[in-house]
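Student: I would like to learn how to read a model from its overall build down to single residues. Could we go through one together?
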Amino acid sequence: MAKYLGQIIVIGTQVVGRAFARALRQEWAASQEASRRAGGGQRGSNRAATNSRTGITLEEAQQILNIDKLDPQLIKERYDHLFNINDKTKGGSLYLQSKVYMAKQRIDEELKQQEMFSKEEQSSKKEN
């Protein structure tokens, strides 16, 4: 009886160990993919920090507002439209309205970062 109990414990430990190793590899791959998409370097770390702070990625924000490129006029139009049709007084969803708001905030942060990086690049070109 003790022999079988020992075998069950050993097999159970092996199964849990393999599952943990597989989960660790998947997390590592996801982390590498996120790093690659963020652009790496200082810009990538800024984007990752913004994603963490706002709780939404740039890609998700673009999907919510249904935009492909960061055009401020188009962003404002889509935001105003989606925000108004999801107004609670008009029978809309507060949850969806908050998602639209968060998406707009995330895209605004990205536009600020892009503007800051372009200014830094211009100033570094002038110095050279």
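Tutor: Gladly; we will start with the whole chain and then turn to single residues. Keep in mind that this is a predicted model.

Student: Let us begin with secondary structure. How many helices and strands does the protein chain have?

Tutor: A good habit is to list the elements before looking at how they are arranged. Here the protein chain has 5 helices and 0 strands, and from the N terminus the order reads α-α-α-α-α. The radius of gyration is 23 Å, well over the 14 Å that the globule rule gives for 128 residues, so the protein chain is more spread out than a compact globule.

Student: What box do the C-alpha atoms fill along the principal axes?

Tutor: Box dimensions go well with the radius of gyration. For the protein chain, the box is roughly 75 × 55 × 20 Å. The domain assignment adds to the picture: domain 1 covers 1-38 and domain 2 covers 55-127. Their centres, taken over C-alpha atoms, are separated by 39 Å.

Student: And what share of the residues counts as buried?

Tutor: Burial is judged by relative accessible area, and buried means under 20%. Of the 128 residues in the protein chain, 20% count as buried. The accessible surface is about 9600 Å², and carbon and sulfur atoms account for 56% of that surface.

Student: How far apart are the mean positions of the positive and negative charges?

Tutor: For charges, one can compare the two mean positions. The protein chain has 21 positive and 16 negative charges, and their mean positions lie 8 Å apart.

Student: What do the contacts say about residues distant in sequence?

Tutor: Here one sorts contacts by sequence separation. Among contacts between residues at least 6 apart in sequence, 55% join residues at least 24 apart.

Student: Let us go to single residues. Is L65 buried or exposed, and which residues does L65 contact beyond its neighbours in sequence?

Tutor: It helps to read the element, the accessibility and the contacts together. L65 lies in helix α3. With a relative accessible area of 0%, L65 is buried. Leaving aside neighbours within four places in sequence, L65 is in contact with I75, R78, Y79, L82, V100, A103, K104 and I107. S118 is another matter: 53 residues along the chain from L65, its C-alpha atom is 25 Å from that of L65.

Student: K104 is in that list. Where does K104 lie, and is K104 buried or exposed?

Tutor: With a lysine, look up the accessibility value before deciding. K104 lies in helix α5, residues 94-127, and at 16% relative accessibility K104 counts as buried. Not counting residues up to four places away in sequence, K104 touches L65, I75 and Y79. K76 offers another lysine to read: K76 lies in helix α4, residues 72-85, and counts as partly exposed at 47% relative accessibility. K76 and K104 are 28 residues apart along the chain, with C-alpha atoms separated by 8.4 Å.

Student: What about Q62, and which residues is Q62 in contact with?

Tutor: Follow the steps used before. Q62 is in helix α3, residues 58-65, and is buried, with a relative accessible area of 15%. Beyond neighbours within four places in sequence, Q62 contacts I67, D68, K69, L70 and I107.

Student: Backbone angles can be telling too. What is the phi of N66?

Tutor: For a backbone angle, note both the sign and the residue type. Phi of N66 is near 55°, a positive value in a residue other than glycine. N66 sits in the loop between α3 and α4, and at 56% relative accessibility N66 counts as exposed.

Student: Finally, how far apart in space are K3 and Y101, and how far apart are M116 and P72?

Tutor: Reading separation in sequence beside distance in space is a useful exercise. K3 belongs to helix α1, residues 2-38, and is exposed, with a relative accessible area of 59%. K3 and Y101, 98 residues apart in sequence, are 61 Å apart C-alpha to C-alpha. M116 lies in helix α5 and is partly exposed, with a relative accessible area of 42%. The C-alpha atoms of M116 and P72 are separated by 16 Å, with their positions 44 residues apart along the chain.

Note on methods: Residues are numbered from 1 along each chain as its sequence is written. This is a predicted model: local features need pLDDT of at least 70, side-chain atom pairs count only at pLDDT 80 or more; totals for chains, interfaces and linings use all residues. Side-chain values use heavy atoms; hydrogens and water are left out. Helices (H or I, at least four residues) and strands (E, at least two) are DSSP runs, numbered from the N terminus. The radius of gyration is taken over C-alpha atoms; the globule rule is 2.2 Å times the number of residues to the power 0.38. Buried means under 20% relative accessible area, exposed over 50%, partly exposed in between (1.4 Å probe, protein chains only). Contact means heavy atoms within 4.5 Å. Accessible areas come from the Shrake-Rupley method with a 1.4 Å probe; for residues, only the protein chains shown count as cover. Lys and Arg count as positive and Asp and Glu as negative; His and the chain ends are not counted. The place of a charge is taken as NZ of Lys, CZ of Arg, CG of Asp or CD of Glu. Domain bounds come from an automatic or database domain assignment.
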